[in-house]
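Colleague: I would like a close look at a single part of this model, taken together with whatever packs around it. Please keep the account connected rather than listing items.

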Amino acid sequence: MPVPNFSAGGIATPADAALMMQLGAEAIFVGSGIFMKERATPLDVENDPKERAEAVSRAKAIVVATTHYNDPKILAEVAAQVTGTMTGLAAASIEEKDQLQTRGW
């Protein structure tokens, strides 16, 4: 029985999804990152129509990017349509106690 190659972890933008597909994934898992806003706090999709629209916009763009991962024109269009912004997290700003490479054996 064939087993698909899934990609997961940190996929929160159309570019992330397209890159994973270009690298050979057959499917992707999209996590809660699509429900985060620029202050790294969750969107209030239950009570705020604007924030719900932002999450829906990002989710739809990720679906399109996954489907058309080899078409740069479509990828640019969907990336431009995503509302709201997301900021990254510099690895240097993560406290040592929260870094995975310092845990375990």
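Leaving aside its neighbours within four places in sequence, which residues is T66 in contact with?

Modeller: This is a predicted model, and what follows should be read in that light. Once the neighbours within four places in sequence are set aside, T66 is in contact with A17, M21 and I28. T66 itself is found in helix α2, and T66 counts as buried because its relative accessible area is 17%, where the cut-off for buried is under 20%.

Two of those partners, A17 and M21, lead to the packing of helix α1 against helix α2, since both are among the α1 residues that make this contact. Two packed helices are described by the angle between their axes and the distance between the axes. For α1, residues 14-22, and α2, residues 49-67, the axes come within 8 Å and cross at roughly 25°. The two helices α1 and α2 are therefore roughly parallel to each other, angles under 35 degrees being counted in that way, and α1 passes α2 in a right-handed crossing. On the α1 side the contact is made by P14, A17, A18 and M21, and on the α2 side by A61, I62, A65 and T66. By character, the residues of this contact divide into 7 nonpolar, 1 polar and no charged.

Helix α2 also packs against helix α3, residues 72-81, at an angle of about 175° and with the axes 9 Å apart. Here the two helices, α2 and α3, are therefore roughly antiparallel to each other. In this pairing S57, A61, V64 and A65 of α2 meet I74, L75, V78 and Q81 of α3, and the residues involved divide into 6 nonpolar, 2 polar and no charged. A61 and A65 are named in the contact of α2 with α1 and again in the contact of α2 with α3.

To place this part in the chain, the secondary structure comes to 3 helices and 2 strands, which follow the pattern β-α-β-α-α when read along the sequence. Buried residues, of which T66 is one, make up 26% of the 105 residues in the protein chain. Among contacts between residues at least 6 apart in sequence, 41% join residues at least 24 apart. The protein chain exposes about 7500 Å², and carbon and sulfur atoms supply 60% of that area.

Terms used
Residues numbered from 1 in each chain as written. Predicted model: local features only at pLDDT ≥ 70, side-chain atom pairs only at ≥ 80, totals over all residues. Heavy atoms only, no water. Axes fitted to C-alpha atoms, helices over the stretch in contact; angles between N-to-C directions. Helix = DSSP H or I, 4+ residues; strand = E, 2+ residues; numbered from the N terminus. Parallel < 35°, antiparallel > 145°, perpendicular 65-115°, else oblique. Left-handed = near helix turned anticlockwise from the far one by under 90°. Contact = heavy atoms within 4.5 Å. Nonpolar A, V, L, I, M, F, W, Y, C, P; charged D, E, K, R; others polar. Buried < 20%, exposed > 50% of the residue type's maximum accessible area, 1.4 Å probe, protein only. Areas by Shrake-Rupley, 256 points an atom, 1.4 Å probe, with all protein chains shown as cover.
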